[in-house]
Amino acid sequence: MRALTPKLVHEVLQRFFPAQNDNFECGYLEELGELKDFGIATDEQLVSLLQKRADEVIEIDRSPMSDFDIRASIEDEGEEAVQKRLRAGFWFSFPALLRIALELEFGKAYEEYANKRDGVA
């Protein structure tokens with residue numbers, strides 16, 4: 001059992017999610033803080049979470065996106081990047097997949113946390 005570091009978070013995510021989703025440059029500092037805020041401080045705890053939730057997370061990633069989400073992503077990232085992901089059949093990068101797992105695991109508590117983080121609350 002090792003204490004999580006940003007590098008270790010990325011390494012664990014690589015074990016559970018497809019390489020095509022590792023498409024966003026991220027230092028994992030913010031994600032590490034979120035994990036710790038929800039009591040996930042070791043690689044074993046993160047592995048346990050992902051063993052429980054990874055299949056469901058991947059299913060969400062592969063599900064069709066709404067027209068609204070597609071348009072918003074095109075505005076943010078450009079048509080080419082969005083079309084590439086749509087053709088490949090995936091949507092989210094590693095940080096988003098991790099956050100989906102946290103939301104699945106912690107439900108409303110994580111939703112409220114994320115809304116506060118994002119200034120939506």
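Start at Phe106, which is partly exposed, with 27% relative accessible area. Keep in mind that this is a predicted model.

**Stop 1: the aromatic cluster**

Now add Phe38 to the selection. Phe38 is buried, at 16% relative accessible area. The cut-off explains the two labels: buried means under 20%, and partly exposed runs from there to 50%.

Look at the two rings next. By the ring-pair rule, the count comes to 5 aromatic pairs. One of them is Phe38 with Phe106: the ring centres are 4.9 Å apart and the planes meet at 40 degrees, so the pair is tilted. Phe38 sits in the loop between H2 and H3, while Phe106 belongs to helix H6 (residues 94-118), so this pair ties together parts that are 68 residues apart in sequence.

Extend the selection to Tyr110 and Tyr113. Ring pairs link these two tyrosines with Phe38 and Phe106 into a cluster.

**Stop 2: Glu34**

Keep Tyr110 and Tyr113 on screen and select Glu34. Glu34 is in helix H2 (residues 29-37). Is Glu34 buried or exposed? Its relative accessibility is 2%, so Glu34 counts as buried.

Show the polar contacts of this side chain. One, of 2.5 Å, joins Glu34 to the side chain of Tyr110. Another runs from the side chain of Glu34 to the side chain of Arg117, at 2.8 Å.

Now display the neighbours. Leaving out residues up to four places away in sequence, Glu34 touches Arg99, Leu102, Tyr110, Tyr113 and Arg117. Tyr110 and Tyr113 are also members of the aromatic cluster from the previous stop.

**Stop 3: the loop between H1 and H2**

Step back along the chain to Tyr28. Tyr28 lies in the loop between helix H1 (6-16) and H2. Check its backbone torsions: phi is positive, about 60 degrees, although Tyr28 is not a glycine. Tyr28 is buried, with a relative accessible area of 3%.

Asn21 is in the loop between H1 and H2 too. Select it. Asn21 is buried, with a relative accessible area of 0%. Which backbone oxygen lies 2.5 Å from a polar atom of the Asn21 side chain? It is the one of Phe92.

Then show what surrounds Asn21. Not counting residues up to four places away in sequence, Asn21 touches Asp61, Phe90, Phe92, Ser93, Phe94 and Leu97.

**Stop 4: Met65**

From Phe90 and Phe92, go to Met65. Met65 is found in the loop between helix H3 (43-62) and H4. Its relative accessible area is 18%, so Met65 is buried.

Set a distance label between the C-alpha atoms of Met65 and Phe90. The label should read 9.6 Å, for two residues 25 apart along the chain. With residues up to four places away in sequence left out, Met65 touches Ile70, Trp91 and Phe92.

**Stop 5: the largest pocket**

Finish with a pocket view. The largest pocket has a volume of about 320 Å³. Its lining has 13 residues, and the closest to the centre are Ser73, Glu77, Arg85, Trp91 and Phe92. Trp91 and Phe92 were both met as contacts of Met65.

Which helix gives the largest share of the lining? Select helix H4 (residues 67-77): 6 of the lining residues come from there.

Colour the lining by class as a last step. There are 6 nonpolar, 3 polar and 4 charged residues.

Terms used: Residues numbered from 1 in each chain as written. Predicted model: local features only at pLDDT ≥ 70, side-chain atom pairs only at ≥ 80, totals over all residues. Heavy atoms only, no water. 1 Å grid on protein atoms, 1.4 Å probe; cavity = no way out; pocket = protein on both sides within 12 Å on 5 of 7 lines; lining within 4 Å. Points joined across faces, edges and corners; volume = space filled by probe spheres on them. Helix = DSSP H or I, 4+ residues; strand = E, 2+ residues; numbered from the N terminus. Nonpolar A, V, L, I, M, F, W, Y, C, P; charged D, E, K, R; others polar. Buried < 20%, exposed > 50% of the residue type's maximum accessible area, 1.4 Å probe, protein only. Polar contact = N/O pair within 3.5 Å; in protein donor to acceptor, adjacent residues only side chain to side chain. Contact = heavy atoms within 4.5 Å. Phe/Tyr/Trp six-rings, centres within 6.5 Å; stacked < 30°, edge-to-face > 60°.
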